[in-house]
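Me: Hey, I've just opened this one and I'm new to it. Can you walk me through it?

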Amino acid sequence: MSGKGEPDVVAHDDELFARVAAILDKARGNVVRAVNSNMVLAYWLIGREIVETIQEGEERAAYGGQVLSDLSKRLQAQYGGGFSVPKSSTISTAFSHLLGARGDLVPSRDQISRPPSS
């Protein structure tokens, strides 16, 4: 197209591009927030498992260090970095502190594994 029609087409294309880019930017932001929320929940549940299962709810079990070390090695082998003993210990410590502050926020195992009721 030439003459008078071209500026309108360019402006229209710019507006279309801007709207599509805004949709994509919002979607990407939503994905990041969803992933972050799910990782917070995952770490919360991991902390709960460490505290309740490995440490049996006590502040420190005598065998906890070895169990935590073994768990860490297996997680790193399957999922890569990010599951060192210090990281796992930090997760369980954070869970314990948060549990003390707001124990009612912790979903039970049944609530997590049970499908939602319709």
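Reply: Sure, starting with a term we'll need: a patch is made of residues with over 30% relative accessible area and no salt bridge, and nonpolar side chains are joined within 5 Å. Keep in mind that this is a predicted model.

Me: OK, so which residues form a nonpolar patch on the surface?

Reply: Leu16, Val20 and Leu24 do, and together they have about 250 Å² of accessible area.

Me: Is Leu16 buried, partly exposed or exposed?

Reply: Partly exposed: the relative accessible area of Leu16 is 40%. That clears the patch cut-off, because patch residues need over 30%.

Me: And where is Leu16 found?

Reply: In helix α1, which covers residues 5–54.

Me: How many helices and strands does the chain have?

Reply: Four helices and zero strands. Along the sequence, the pattern reads α-α-α-α.

Me: Switching topic: how many salt bridges turn up in the whole structure?

Reply: One. The side chains of Arg48 and Glu49 meet there, at 3.6 Å from N to O.

Me: Are those two buried or exposed?

Reply: Arg48 counts as buried, because its relative accessibility is 4% and the cut-off is under 20%. Glu49 is partly exposed, at 31%.

Me: What about the chain overall, how much of it is buried?

Reply: Of its 118 residues, 18% count as buried. The accessible surface of the chain comes to about 9,000 Å², with 59% of that belonging to carbon and sulfur atoms.

Me: And what share of contacts joins residues at least 24 apart?

Reply: 54%, taken among contacts between residues at least 6 apart in sequence.

Conventions: Residues are numbered from 1 along each chain as its sequence is written. This is a predicted model: local features need pLDDT of at least 70, side-chain atom pairs count only at pLDDT 80 or more; totals for chains, interfaces and linings use all residues. Side-chain values use heavy atoms; hydrogens and water are left out. Patches are made of residues with over 30% relative accessible area and no salt bridge: like charges are joined within 9 Å, nonpolar side chains (Val, Leu, Ile, Met, Phe, Trp, Tyr) within 5 Å. Accessible areas come from the Shrake-Rupley method with a 1.4 Å probe; for residues, only the protein chains shown count as cover. A salt bridge is a side-chain nitrogen of Lys or Arg within 4 Å of a carboxyl oxygen of Asp or Glu. Helices (H or I, at least four residues) and strands (E, at least two) are DSSP runs, numbered from the N terminus. Buried means under 20% relative accessible area, exposed over 50%, partly exposed in between (1.4 Å probe, protein chains only). Contact means heavy atoms within 4.5 Å.
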